[in-house]
Amino acid sequence: MFLDIMENIHAVLMDFDYPDAITGGLRRKTDVSRSLIEKTRGDVVNAIGQKKLEAAMRNMESKL
C-alpha cells in the first residue's frame, strides 16, 4: 500500500539528526509530511467506512 511506503520514507527521514543548516529545513518538511500522512490515513479510513456502509445499505435494501 502506498500509505505504508509513505510512512517508511518518513521514518527514514526522521532518522536524520543534523542541524537545520545542513539539512536545508528537512525537519520542517518531515513535520509537514507527517501531517499529510495522517490526513491521508484519515481519508482512507473514512472511505473504507463509507464503502462498508453503502454495501450494508444495499444489502438491507435488497432484503426489503
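**Exercise 1. Is R34 buried, partly exposed or exposed, and which residue does it pair with?**

*Solution.* Start with the number: R34 has a relative accessibility of 28%, so it counts as partly exposed. Keep in mind that you're looking at a predicted model. Next, look for a partner: R34 forms a salt bridge with E38, with the closest N and O atoms 2.7 Å apart. That fits the cut-off, which is within 4 Å. Now check where the two sit: R34 and E38 are both in helix α3, four residues apart, or about one turn of the helix. Here's the background: an α-helix has 3.6 residues a turn, so residues three or four places apart point the same way. Finally, E38 is partly exposed too, at 40% relative accessibility.

**Exercise 2. How many salt bridges does the structure hold, and which one links distant parts of the chain?**

*Solution.* The count is three. You've met R34 with E38 already. Another is E54 with R58, whose closest N and O atoms are 3.8 Å apart. Both E54 and R58 lie in helix α3, four residues apart. That leaves R41 with E7, at 2.4 Å between the closest N and O atoms. This pair links distant parts of the chain, since R41 is in helix α3 and E7 is in helix α1, 34 residues apart.

**Exercise 3. Which residues of α1 are buried, and what do they pack against?**

*Solution.* First, list them: L3, E7 and H10. They cover an arc of only 60° around the axis, which puts them on the same side of α1. Then turn the helix around: the face pointing away from the buried side carries the exposed residues F2, N8 and V12. As for the partner, the buried residues of α1 pack against α3. Zoom in on H10 for an example: H10 has a relative accessible area of 8%, so it is buried. Leaving out residues up to four places away in sequence, H10 touches T30, S33, R34 and I37. Two of these names, T30 and I37, also turn up among the buried residues of α3.

**Exercise 4. What span should α1 have at 1.5 Å a residue?**

*Solution.* Take the 13 residues of α1: they should span 18 Å. Now compare with the model: the end C-alpha atoms of α1 are 18 Å apart, which agrees. Try α3 as well: its 38 residues reach 55 Å from first C-alpha to last, close to the expected 56 Å.

Notes. Residues numbered from 1 in each chain as written. Predicted model: local features only at pLDDT ≥ 70, side-chain atom pairs only at ≥ 80, totals over all residues. Heavy atoms only, no water. Buried < 20%, exposed > 50% of the residue type's maximum accessible area, 1.4 Å probe, protein only. Contact = heavy atoms within 4.5 Å. Expected span 1.5 Å × (residues − 1). Arc of directions from axis to C-beta. Salt bridge = Lys/Arg side-chain N within 4 Å of Asp/Glu carboxyl O.
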